[in-house]
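Here are a few worked exercises to go through with the viewer open. Try each task before reading its solution.

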Amino acid sequence: DYAGRVAARQAEAGMAEQVRIEKEGAFGSVVLNRPEKHNAFDERLMDGVTDAFRALGTDPAIRVIILRAAGKSFSAGADLTWMQRSADYSEAENRTDAERLATMLRTIDTVPKPVIAAVQGPVYGGGLGLVAACDIAIGSDATLFSISEVRFGLIPAVIGPYVVRAIGMRAARRYAITAERFDAATAERIGLLHEVVPLAGLHDRVTAIANQLCENAPGAQAEVKALLRAIEGRPLDPALGAETAGWIARVRAGEEAREGIAAFLGRRRASWNPGDR
């Protein structure tokens, strides 16, 4: 199965780190590799994810980043042992830890390349922030979710903006205060997952989407991500119209747009499309 293949590749390579980078052609995978702790966050894992996304985001050979996890769980959120240690921290020290989580999520959200979450197992607490920060989320049909923080006297503060953006305020209010578990079908219905597939088909579906992403202009994809972040929540007023008009005028005059239009009119693949290679 999908999780087993990921774990087997890691075992064969002797991969003991909490976060691994795997490269296959134009695809770069960030693998959460703490299966014995259900890929729960601690300082090392969060810093590792941040570093991995920064590395792949600047690698010219990588077109798509895939966030995967080893073992049965995608992520159980914060490591409670680590959280217990933080109970003795000062407010300033706790703020530093929280900002580490914020940096990880912001790095995933703003990396200029498409990001796909391949969700093979349960996702709890802060793990929902990981899924919500990705551009595309594909999950197995056996996956369970819970915004579980209130069970421990905590709140989903840092992940909140990403979760609300993904599922909307109405669903967030319910699931964040009940901490109830919900299934993959519900996650798809409320917008946390884009698609649900059998676990055995997860790898193939994620690969198919990654291949489709590689058919499109990488610079334009980065611009789209930046554009959508810039216009989110803003009123449809003349100022926004002027800004977006200026945005498309700049992009339209660029090399990628000229190549894309020329390729279409010439009935050929654009230079960035792997079908040419």
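A polar contact is a pair of N or O atoms within 3.5 Å, where one must be able to donate a hydrogen and the other to accept it. Keep in mind that this is a predicted model.

**Exercise 1. Work out where aspartate 135 sits and which residue its side chain makes a polar contact with, side chain to side chain.**

Step 1: locate it. Aspartate 135 is in the loop that runs between H5 and strand E6 (136-140).

Step 2: check the exposure. The relative accessible area is 30%, so aspartate 135 counts as partly exposed.

Step 3: list the contacts. Skipping neighbours within four places in sequence, aspartate 135 touches Lys113, Pro114, Val115, His194 and Lys225.

Step 4: pick out the polar ones. The side chain of aspartate 135 reaches the side chain of lysine 225 at 2.8 Å, and that is a polar contact. A polar atom of the aspartate 135 side chain also lies 2.8 Å from the backbone nitrogen of valine 115.

Step 5: compare with aspartate 79. The C-alpha atoms of aspartate 135 and aspartate 79 are 25 Å apart in space, with their positions 56 residues apart in sequence.

**Exercise 2. Find the ring pairs that link Phe145, Tyr175 and Phe182, and classify each pair.**

Step 1: count. The ring rule gives 2 aromatic pairs.

Step 2: take the pair of phenylalanine 145 and phenylalanine 182. Their centres are 5.6 Å apart and the planes differ by 15°, which makes the pair stacked. Phenylalanine 145 belongs to strand E7 and phenylalanine 182 to strand E8, so this pair ties together parts 37 residues apart in sequence.

Step 3: take the other pair. Tyrosine 175 and phenylalanine 182 sit 4.5 Å centre to centre with 45° between the planes, so the label is tilted, as planes under 30 degrees count as stacked and those over 60 as edge-to-face.

Step 4: test burial. Phenylalanine 145 and phenylalanine 182 are both buried. Tyrosine 175 has 4% relative accessibility, so tyrosine 175 is buried too.

**Exercise 3. Describe the sheet that holds E5, E7 and E8.**

Step 1: get the order. The 3 strands run E5-E7-E8 in an open sheet with mixed pairing.

Step 2: find the edges. Strand E5 (123-124) and strand E8 (182-183) each pair on one side only.

Step 3: look at one pairing. Strand E7 (residues 144-146) and E8 are antiparallel over 2 bridges; leucine 144 has aspartate 183 in E8 as its bridge partner.

**Exercise 4. Which residues of the largest nonpolar core touch the most other members, and which elements supply this core?**

Step 1: name the best-connected members. The core has 48 residues, and Phe53, Met104, Ile108, Leu130, Phe145 and Leu192 touch the most other members.

Step 2: see who contributes. Elements supplying at least two residues each include strand E2 (27-32), helix H2 (43-57) and helix H4 (91-110). H6 gives the largest share, 7 residues.

Step 3: zoom in on leucine 130. Beyond four places in sequence, leucine 130 touches Leu32, Phe41, Leu67, Phe74, Ser75, Met104, Leu105 and Ile108. Another core, of 14 residues, lies apart from the largest one; among its members are Val64, Ile138, Leu202 and Cys214.

**Exercise 5. How does the radius of gyration of the protein relate to the globule rule?**

Step 1: compare. The radius of gyration is 20 Å and the rule gives 19 Å for 277 residues, so the protein is as compact as a globular protein of that length.

Step 2: add the burial. Of the 277 residues, 44% count as buried.

Definitions and conventions. Residues are numbered from 1 along each chain as its sequence is written. This is a predicted model: local features need pLDDT of at least 70, side-chain atom pairs count only at pLDDT 80 or more; totals for chains, interfaces and linings use all residues. Side-chain values use heavy atoms; hydrogens and water are left out. A nonpolar core is a set of buried Ala, Val, Leu, Ile, Met, Phe, Trp, Tyr and Cys residues joined through side-chain atoms within 4.5 Å. Buried means under 20% relative accessible area, exposed over 50%, partly exposed in between (1.4 Å probe, protein chains only). Helices (H or I, at least four residues) and strands (E, at least two) are DSSP runs, numbered from the N terminus. Contact means heavy atoms within 4.5 Å. Two strands pair if DSSP finds at least two bridges between them. Rings of Phe, Tyr and Trp (its six-membered ring) pair if their centres lie within 6.5 Å; planes under 30 degrees apart count as stacked, over 60 as edge-to-face and the rest as tilted. The radius of gyration is taken over C-alpha atoms; the globule rule is 2.2 Å times the number of residues to the power 0.38.
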